[in-house]
Amino acid sequence: MRSAFFAALPALLLPAITSAYSGDMTYYTPGLGSCGLVHNSNDLVVALSIPMMGNGANPNNNPKCGSWIGIWNPVTKTKHEAQIVDTCFACQYTDIDVSPALFKLVSPDGDGRVHGIDWGGPMVGG
């Protein structure tokens, strides 16, 4: 589901957002991701759903790997950036799975799943 919220954000806040989505945000413990790099719980990283990631025969060559998205929490009115490094096998199409450090930044009071998180970036099509 596309979010109309990003259309209203000033270009200064999210200069590179070209596609915007709204979904659930969960967290996971990063390690060796589908992009072929190792990350840890303190890195500001994100995993996208299987269809959103669109991995080919070799996911290490995915052009989305290493690109950045903006994540907006409409409740706390905070924006953060995260690097795409992995594929979330349990995520629905517009859900994102983030590192514990990023989860705490985006939703300090979240309990493991936060609904209605808006996100987008130039490398995620819609």
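## Barrel strands, charge pairs and two loop residues

Asp24 has a relative accessibility of 16% and therefore counts as buried, where buried means under 20% relative accessible area, exposed means over 50% and partly exposed lies in between, computed with a 1.4 Å probe on protein chains only. The model is a predicted one, in which local features need pLDDT of at least 70 and side-chain atom pairs count only at pLDDT 80 or more, while totals for chains, interfaces and linings use all residues. Residues are numbered from 1 along each chain as its sequence is written, and side-chain values use heavy atoms, with hydrogens and water left out.

Asp24 forms a salt bridge with Arg113, with 3.0 Å between the closest N and O atoms; the term stands for a side-chain nitrogen of Lys or Arg within 4 Å of a carboxyl oxygen of Asp or Glu. This pair links distant parts of the chain, since Asp24 is in strand E1 and Arg113 in strand E6 (residues 113-120), 89 residues apart. Arg113 is partly exposed, because its relative accessible area is 42%. A search of the whole structure finds 2 salt bridges, and Glu81 also forms one, with Lys79, at 2.8 Å between the closest N and O atoms. Glu81 counts as partly exposed because its relative accessibility is 41%. Side chains of opposite charge can pair when their charged atoms come close.

Strand E1 (residues 20-27) also holds Thr26, which counts as buried because its relative accessibility is 15%. The side chain of Thr26 makes a polar contact of 2.7 Å with the side chain of Asp97. Such a contact is a pair of N or O atoms within 3.5 Å; within protein, one must be able to donate a hydrogen and the other to accept it, and residues adjacent in sequence count only if both atoms are side-chain atoms. Leaving aside neighbours within four places in sequence, Thr26 is in contact (heavy atoms within 4.5 Å) with residues including Ile96, Phe103 and Arg113.

The barrel is closed by 6 strands in the order E1-E5-E2-E4-E3-E6, with mixed pairing. Strands are DSSP runs of at least two residues (E) and helices runs of at least four (H or I), numbered from the N terminus, and two strands pair if DSSP finds at least two bridges between them. Three of the pairings are set out below.

| Strands | Sense | Bridges | A bridge or opposite pair |
|---|---|---|---|
| E2 (residues 45-49) and E5 (residues 96-98) | antiparallel | 3 | Leu48 and Ile96 |
| E2 and E4 | parallel | 5 | Leu48 and Thr87 |
| E3 and E4 | antiparallel | 6 | Ile71 and His80 |

E3 and E4 form a hairpin with 4 residues between them, and Lys77 in the turn has a positive phi of about 60 degrees. Lys77 is exposed, because its relative accessible area is 60%.

Asn55 is placed in the loop between helix H2 (50-53) and strand E3 (68-73), and it is partly exposed because its relative accessible area is 29%. Its side chain and that of Thr87 are joined by a polar contact of 2.7 Å. Apart from neighbours within four places in sequence, Asn55 is in contact with Ser34, Asn62 and Thr87. The C-alpha atoms of Asn55 and Cys65 are separated by 9.7 Å, the two residues being 10 residues apart along the chain.
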